[in-house]
Amino acid sequence: MNQTGEKLQSSDTTTYYTLLGLHPSASVIDIRRAYRELSKLYHPDTTELAANVATAKFQKINEAYATLSNPERRLSYDLKIGYSRFGVIQTPSDLNHPVSRSHDWSKSGYLDATDRPLSSGEIFVLFVLGLTIFSCILLAIAIAILRGEAIT
């Protein structure tokens, strides 16, 4: 798609944006929201689709989100599909001096694909793991006391 929303002529008409059901000018929050909804819909463990179909669709959605959630990868992808966020590209005022520092992406709205809250299942697994470790320590202390060995 170009900046007016018209489709470009290419052999692959499905872009990451159309895969997520978004326009190329979508915000990072919109991209994340669309990814979450589609990943819940097509996750192989939660969908009623055939496992191979769901897995293929889920992998495509993950690939699209990984590209669009990373600012540098999204910019290169936008250039690849011919979309520009800028109507007129203006040259910097001083082309002869190098940039003193790179952009600080930590203040950006972009989120790392791995930066997400834990799901209830993950929290439960961590709880069980902690409970298991605690139980093992208590069992070791109980065995040491029953054998009459000193705990140091």
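**Note on the nonpolar core, helix α3 and one salt bridge**

1. The largest nonpolar core has 18 residues, and those with the most contacts inside it are Leu-20, Leu-22, Ile-31, Ile-61, Leu-68 and Tyr-77. A nonpolar core here is a set of buried Ala, Val, Leu, Ile, Met, Phe, Trp, Tyr and Cys residues joined through side-chain atoms within 4.5 Å. Two or more residues of this core come from each of α1 (16-20), α2 (28-42), α3 (51-68) and α4 (71-81). The largest share, five residues, is from α2.

2. This is a predicted model, in which local features need pLDDT of at least 70 and side-chain atom pairs count only at pLDDT 80 or more, while totals for chains, interfaces and linings use all residues. Residues are numbered from 1 along each chain, and side-chain values use heavy atoms, without hydrogens and water.

3. Leaving aside residues up to four places away in sequence, Tyr-77 touches Thr-15, Tyr-16, Tyr-17, Thr-67 and Leu-68 (contact means heavy atoms within 4.5 Å).

4. In α3, the buried residues are Ala-54, Phe-58, Ile-61, Ala-64, Tyr-65, Thr-67 and Leu-68. Buried means under 20% relative accessible area, exposed over 50%, and partly exposed in between (1.4 Å probe, protein chains only). Their cover includes α1, α2 and α4.

5. The count of salt bridges is one, with a side-chain nitrogen of Lys or Arg required within 4 Å of a carboxyl oxygen of Asp or Glu. Asp-30 pairs with Arg-33, their closest N and O atoms being 3.4 Å apart. Both residues lie in helix α2, three residues apart (helices are DSSP runs of H or I, at least four residues, numbered from the N terminus). Asp-30 counts as partly exposed because its relative accessibility is 31%.
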